[in-house]
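Trainee: Please take me on a close look at one part of this model, and then show me how that part sits within the rest of the protein.

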Amino acid sequence: MNRIDIKDLHFSYSEEAQVLKGINLVLDQRSTAIIGQNGAGKTTFVKLLKGLLRPSQGQIFFNEQDLKDQTVAQIAKSIGLNFQNPDDQIFKHTVLDEIIFGPLQMGMSKAEAEKAAHKAMDMLNLTGLDKVNPYDLGLSDRKMVSIAAIVAMDTQVVIFDEPTIAQDDAGKELIRKVMKSLTEEGKIVISILHDMDFVAETFERAIVFSQSHVLLDGTVKEVFGQKEALENAYLSQPTTTQLCHALGYDQVFLTPEEFVAFKQG
Ligand SMILES: Nc1ncnc2c1ncn2[C@@H]1O[C@H](COP(=O)(O)OP(=O)(O)OP(=O)(O)O)[C@@H](O)[C@H]1O
Ligand SMILES: [Mg+2]
């Protein structure tokens with residue numbers, strides 16, 4: 001079973017600005033959403049997991065191996081990170097070149113890498129776009145290209161930073177399906193999100209970052225039940241949760257379907 005152990009993790013970009021102070025977490029097979037207001041340190045946290053930043057203090061272990069003993073290139077074989085902004089990630093002139101780059105870097109043969117790239121392209125609805133320049137695509141499709149490039153690498157940990165940016169309902173549904181299939185393969189799937197409805201509908205576990213600390217950590221239902229704590233962290237409950245609360249229900253409902261089933265049950 002894959003797991004990431006984070007022990008007493010501290011990080012600061014400068015002496016005045018401590019971004020993370022003493023984070024202790026175990027990340028495992030439960031699909032996990034990381035939420036928190038702008039500037040809470042979510043992106044910083046996942047960059048530390050990926051080895052792009054190094055802790056000021058504390059340790060991160062992937063399957064009991066301390067990441068400090070590994071180079072960024074070694075960590076990349078286990079941990080994939082889809083950047084918040086696809087334009088920070090995309091650097092090739094065709095969709096296929098962009099998506100095949102990672103698998104080739106992982107040491108796959110050209111034929112294997114092409115197979116992995118096409119599989120990821122099919123998953124993300126990019127079939128047939130091999131020769132298209134990613135910058136001729138809209139933002140939502142560029143985000144899909146950037147996701148496919150990470151999925152194709154077949155890492156045991158897959159981290160998404162704001163995957164639903166610019167996506168309509170169909171795009172969100174597709175991303176949900178991709179995450180589910182990665183989880184079913186036994187991978188650790190972690191995602192930073194601002195869309196609470198998507199979190200409620202998609203993840204098992206939610207972790208709230210606030211003021212350099214982990215404020216809440218539990219099942220999505222446990223976390224979204226904490227109205228006041230969420231408000232203190234400048235976060236809102238999912239729409240259905242808010243609506244049912246306003247209607248006088250004490251239970252925490254995460255989705256319209258859940259509420260309808262309750263009423264019919
Ligand atoms: N390269 C950097 N140098 C200095 N400070 C930085 C740097 N990157 C981020 N910060 C600061 O660190 C803090 C945490 O930033 P981070 O990007 O991790 O937040 P976030 O939770 O991902 O926010 P958002 O939801 O807006 O993406 C912020 O105060 C930010 O201004
Ligand atoms: Mg961020």
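Trainee: Which residue in β8 stands opposite A33?

Mentor: Before we begin, please keep in mind that this is a predicted model. The residue that stands opposite A33 is S191 in β8. That pair belongs to the meeting of strand β3, which covers residues 32–35, with strand β8, which covers residues 188–192; three bridges join the two strands, and they run parallel. In general, the strands of a sheet pair through backbone hydrogen bonds, and the pairing can be either parallel or antiparallel.

Let us widen the view to the sheet that holds this pair. Six strands form it in the order β6-β7-β8-β3-β9-β10, and the sheet is open, with mixed pairing. At its edges are β6 and β10, each of which pairs on one side only. As you pass from one strand to the next, the twist averages 15°.

Helices lie against this part of the protein. Helix α5, made of residues 139–151, lies across β6 and β7 (157–161), and its direction runs at about 175° to that of β6. Helix α6, made of residues 169–184, packs on the sheet and touches β7 and β8, with its direction making about 150° with that of β8.

If you now move along the sheet to its other end, you reach strand β9 (residues 205–210) and strand β10 (residues 213–219), which run antiparallel and are joined by six bridges. Within this pairing, I207 stands opposite D217 in β10. The two strands form a hairpin with two residues between them, and in that turn Q211 has a positive phi of about 45°.

Strand β10 contains H213, a residue that is useful for looking outward from the sheet. With a relative accessible area of 37%, H213 is partly exposed, because it falls between the 20% limit for buried residues and the 50% limit for exposed ones. Leaving aside residues up to four places away in sequence, H213 touches K21, I23 and V208. Its C-alpha atom is separated by 19 Å from that of K50, a residue 163 places away along the chain.

Of those contacts, K21 leads us to the second sheet, since K21 lies in β2, where H10 stands opposite it. Strand β1, residues 4–12, is joined to β2 by seven bridges, and these two strands run antiparallel. Helix α1 packs on the sheet there, touching β1, β2 and β4 (57–62), and its direction makes about 60° with that of β2. This sheet is also open, with four strands in the order β2-β1-β4-β5 and antiparallel pairing. Its edge strands are β2 (18–27) and β5 (65–66), each pairing on one side only.

Helix α1 deserves a pause of its own. Six of its eight residues are buried, so α1 is largely enclosed by the rest of the structure. Those buried residues are K42, T44, F45, V46, L48 and L49. After the helix comes G51, whose phi is positive, near 80°.

The same helix brings us to the magnesium ion, ligand 2, whose protein donors are T43, through OG1, and Q84, through OE1, at 2.0 to 2.6 Å from the ion. These two residues link distant parts of the chain, as they are 41 residues apart, with T43 in helix α1 (residues 42–49) and Q84 in the loop between β6 (79–82) and α3 (95–105). T43 is partly exposed, with a relative accessible area of 24%, and Q84, at 34%, also counts as partly exposed.

Finally, step back to the whole protein, which has eleven helices and ten strands. A compact globule of 265 residues would have a radius of gyration near 18 Å, and the 19 Å of this protein agrees with that. The C-alpha trace spans about 60 × 45 × 35 Å along its principal axes, and buried residues make up 51% of the 265. Among contacts with a separation of 6 or more, 63% come from residues 24 or more positions apart.

Terms used:
Residues numbered from 1 in each chain as written. Chains lettered and ligands numbered in written order. Predicted model: local features only at pLDDT ≥ 70, side-chain atom pairs only at ≥ 80, totals over all residues. Heavy atoms only, no water. Donors = N, O, S within 2.8 Å, 3.2 Å for Na, K, Ca; no water. Buried < 20%, exposed > 50% of the residue type's maximum accessible area, 1.4 Å probe, protein only. Pairing = 2+ DSSP bridges. Contact = heavy atoms within 4.5 Å. Axes fitted to C-alpha atoms, helices over the stretch in contact; angles between N-to-C directions. Rg over C-alpha atoms; globule rule 2.2 N^0.38 Å.
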